[in-house]
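This report describes selected features of one structural model. The topics are salt bridges, the nonpolar core and the surroundings of individual residues.

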Amino acid sequence: MSQVTVRINGFSYAVGCKEGQEKHLQAMAQEVERRIERIRELGGHSGEGRLLALAALLMADEIHDLTAEKMSSDTAHQLAQGRQARIENERRKEQLAHLVERAENIADALEED
């Protein structure tokens with residue numbers, strides 16, 4: 001287990017992580033810091049807890065939007081697959097109807113002989 005010191009909102013925090021995940025953890029801390037800077041730019045100068053809560057809410061909103069996009073994309077993909085399956089079923093029905101007609105024509109021809 002590794003320990004990394006991240007800096008968020010001017011404060012240092014020691015955080016444990018798996019070996020090899022140090023850079024990832026630093027990058028995630030930078031993402032939090034970016035959101036805090038965005039809040040400050042909007043005039044949100046308040047306590048550390050409030051800034052961190054607002055940053056967490058911004059990130060949660062982004063995750064929500066990404067999840068909704070993925071679900072929408074997955075739903076569209078499923079609908080397309082369903083349409084394709086219906087088209088295939090219709091094609092098979094037409095082929096089967098054609099084969100039935102041919103079989104009936106052959107049976108009729110055999111009965112006439």
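How many salt bridges does the structure hold? The structure holds 7 salt bridges, a salt bridge being a side-chain nitrogen of Lys or Arg within 4 Å of a carboxyl oxygen of Asp or Glu.

## Basis of the model

The model is predicted, and local features need pLDDT of at least 70, side-chain atom pairs count only at pLDDT 80 or more, and totals for chains, interfaces and linings use all residues. Residues are numbered from 1 along each chain as its sequence is written, and side-chain values use heavy atoms, with hydrogens and water left out.

## Salt bridges around R35

General chemistry offers a starting point: side chains of opposite charge can pair when their charged atoms come close. In this model, E31, R34, R35, R38 and E62 are linked in a network of salt bridges. Within this network, R35 pairs with E31 at 2.7 Å, N to O. Both residues belong to helix α1 and stand 4 residues apart, about one turn of the helix; helices (H or I, at least four residues) and strands (E, at least two) are DSSP runs, numbered from the N terminus.

R35 also forms a salt bridge with E62, with 2.4 Å between the closest N and O atoms. This pair links distant parts of the chain, since E62 is in helix α2 and R35 in helix α1, 27 residues apart. Is R35 buried or exposed? R35 counts as buried because its relative accessibility is 8%; buried means under 20% relative accessible area, exposed over 50%, and partly exposed in between (1.4 Å probe, protein chains only). Its two partners are classed otherwise: E31 is partly exposed at 25% relative accessibility, and E62 is partly exposed at 26%.

## A salt bridge within helix α2

R91 and E88 have side chains that meet in a salt bridge of 2.6 Å, N to O. These residues are separated by about one helical turn, because they are 3 residues apart in helix α2. R91 is partly exposed, with a relative accessible area of 39%, and E88 is partly exposed as well, with 22%.

## The largest nonpolar core

Which residues make up the largest nonpolar core? This core has 11 residues in all: V4, V6, I8, C17, L25, A29, V32, I36, I39, L51 and A55. Here, a nonpolar core is a set of buried Ala, Val, Leu, Ile, Met, Phe, Trp, Tyr and Cys residues joined through side-chain atoms within 4.5 Å. At least two residues of this core come from each of β1 (2-8), α1 (22-41) and α2 (48-112). The most is given by α1, with 5 residues.

Beyond residues up to four places away in sequence, V6 touches F11, S12, Y13, V15, L25, Q26 and A29, where contact means heavy atoms within 4.5 Å.

## E22 and K23

E22 lies in helix α1 and counts as partly exposed because its relative accessibility is 23%. Leaving aside residues up to four places away in sequence, E22 touches S2, V4 and C17. From C-alpha to C-alpha, E22 and T5 are 9.4 Å apart in space, although 17 residues apart in sequence.

K23 is likewise placed in helix α1, and its relative accessibility of 74% is why K23 counts as exposed. K23 and I106 are 83 residues apart in sequence, and their C-alpha atoms are 75 Å apart in space.
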